[in-house]
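I open a notebook on a structure that is new to me. My entries keep to what I looked up, one topic at a time.

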Amino acid sequence: GFKVIAELPRTPALPPSAMAMAALAALLSVPLCVLLLGSLVLDFDCVLRGDCIRGKDGSAFLPPRRSFDQTIPEAAGTAAGSRAIVVFSNREMACSNKTWEDLRLYANRVNATLHHVRDLQGPEFQDVKRQCVRTLATSSIRFAKYAMMPFFLQRYDQVALLDDSVHMSKFAPDIFSVGADTPQAVKGTLDASVVKQSHCDTYRVPRDLCALNRRLVNSGLLVFSSQHHSDLFDEPCERWQRAGGFYDQALFNAMFMKRRTPIYDLNRDPEPHRCSDRSPDIGSDGTVNCTAFRAWVGNLSGCPLLFGSQMGILSKSGRLGEVAQRACFAHVTRGSFSQRDKLNCEIGGQMFCNPFFAGSEVPAPPAVELLASPRVPVPPREGGNSLPAVV
């Protein structure tokens, strides 16, 4: 959750009096969630609900909404060819200013409007039902990305939805033009995790459409078309809940299954989806054979998008540079752990996107529905994101 830490105000000690007792009573009326080890610690969802600091504007504890001197068009119909890059972010991360500047330059290069959405009070949620906004505020802000998409699809022809931990190389291709011959497909990358029965049950995916044991689409970078994908965003907010360990990612994938939406894999990753492997094969004794490790590094060297756990292992082993130079995008997820701040600050300058997209020697696989994609024989291991010993 988003945390803001501030020192408690210090006042001179007062002798016991009616005033002191009143002050003590006021202090005790503040919920316990604001007091921790003498500091003021605020969970973002708690701030948004107004549960932690009464009478205070929660937006005071948020990073500023970044303005890019670009106006939001009216919802009178999408202009042909109009594009938007949308990021929901209610936190500051290491080197955030640099990340936003890189993203602004990328947006300008591909002729897209960049939007920073930071809370539920903006115009992006003006048409979201009140009970749905309450669901976001009281349950989980993680579904805000899904809730705000209709606003942008009513105003832009194509919308790229990014997590705030996604980085673009300055050599990255125009993500709106990649896969242009399959406009009916959502563009994204496949995850290491697979579709579980709980994903389908939570969002009432019909049995004949539930793509069990197929790889999920990662929700950190998705590109939508207003013409083909507006119907993905009508799932009732009463069902917005964590399913199978995921929040919005489970919801997005459930809609892809229910609407039989084809997926264009930005990683151009043929079976067995080597770009989805988050770590090298680990032996029963917890070690990795050098040959297996080198093979894993070699496989990642052909992946346009790298994930946090992959980069964390590569960074610790000193092999990130050789892999990153061919990457175009990086998703610095929590799986990068101790390397996350370093990666957020440095990965953008390490990616040269060469030569995978420019005159790529690897043809893109066709866009397919999740149900039509191959099953994963053995579900990926859970956990184990730290670098194992290499022997």
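The entries below go from the whole chain to its disulfides, then to a helix pair and one phenylalanine.

**Entry 1. Ground rules**

I am reading a predicted model, in which local features need pLDDT of at least 70 and side-chain atom pairs count only at pLDDT 80 or more, while totals for chains, interfaces and linings use all residues. Residues are numbered from 1 along each chain as its sequence is written, and side-chain values use heavy atoms, with hydrogens and water left out.

**Entry 2. The whole chain**

I looked up the secondary structure and found twelve helices and 14 strands. Helices (H or I, at least four residues) and strands (E, at least two) are DSSP runs, numbered from the N terminus. Next I looked up burial: of the 391 residues, 50% count as buried. Buried means under 20% relative accessible area, exposed over 50%, and partly exposed in between, with a 1.4 Å probe and protein chains only. Then I turned to contacts, meaning heavy atoms within 4.5 Å. Among contacts between residues at least 6 apart in sequence, 79% join residues at least 24 apart.

**Entry 3. Disulfides**

A disulfide is a covalent bond between the sulfur atoms of two cysteines. The working rule is a pair of cysteine sulfur atoms within 2.5 Å. How many disulfides does this rule give? The count is five, and I followed up three pairs, starting with cysteine 95 and cysteine 345.

The sulfur atoms of cysteine 95 and cysteine 345 lie 2.0 Å apart. The torsion about their S-S bond is about 90°, so this disulfide is right-handed. I find cysteine 95 in the loop between strand S4 (83-88) and helix H3 (96-109), and cysteine 345 in helix H12 (residues 340-350); the pair links distant parts of the chain, 250 residues apart. Cysteine 95 counts as partly exposed because its relative accessibility is 32%. Cysteine 345 also counts as partly exposed, at 25%.

The second pair I looked up is cysteine 132 and cysteine 237, with sulfur atoms 2.3 Å apart. Here the torsion about the S-S bond is about -75°, so the disulfide is left-handed. This pair, too, links distant parts of the chain: cysteine 132 is in helix H4 (residues 130-138), and cysteine 237 is in the loop between helix H7 (226-229) and helix H8 (248-258), 105 residues apart. Are these two cysteines buried or exposed? Cysteine 132 is buried at 8% relative accessibility, and cysteine 237 is buried at 4%.

The third pair is cysteine 200 and cysteine 210, whose sulfur atoms are 2.0 Å apart. The torsion about the S-S bond is 90°, and the link is right-handed. Cysteine 200 lies in helix H6 (residues 197-202) and cysteine 210 in the loop between H6 and strand S9 (215-225), so this disulfide ties together parts that are ten residues apart in sequence. Both cysteine 200 and cysteine 210 are buried.

**Entry 4. Helices H9 and H10**

Two packed helices are described by the angle between their axes and the distance between the axes. Axes are lines fitted to C-alpha atoms, for helices over the stretch in contact, and angles run from 0 to 180 degrees between N-to-C directions. At what angle do helix H9 (residues 290-300) and helix H10 (residues 308-317) pack? I get about 120°, with the axes 12 Å apart. H9 and H10 are therefore oblique to each other. The cut-offs are under 35 degrees for roughly parallel, over 145 for roughly antiparallel, 65 to 115 for roughly perpendicular, and oblique for the rest.

On the H9 side, the contact is made by Phe293, Trp296, Val297 and Leu300, and on the H10 side by Gln310, Ile313, Leu314 and Ser317.

I then looked at H10 alone: eight of its ten residues are buried. Among them are Met311, Gly312 and Ser315. The buried residues of H10 pack against H9, strand S12 (305-307), helix H11 (320-324), strand S13 (329-331) and H12. After H10 comes glycine 318, with a positive phi near 75°.

**Entry 5. Phenylalanine 125**

Where is phenylalanine 125? I find it in the loop between strand S5 (113-117) and H4. Phenylalanine 125 counts as buried because its relative accessibility is 4%. Leaving out residues up to four places away in sequence, I listed what phenylalanine 125 touches, including Phe88, Val117, Leu136 and Met148. Ala147 is also one of its contacts. The C-alpha atoms of phenylalanine 125 and alanine 147 are separated by 7.4 Å, and the two residues are 22 apart along the chain.
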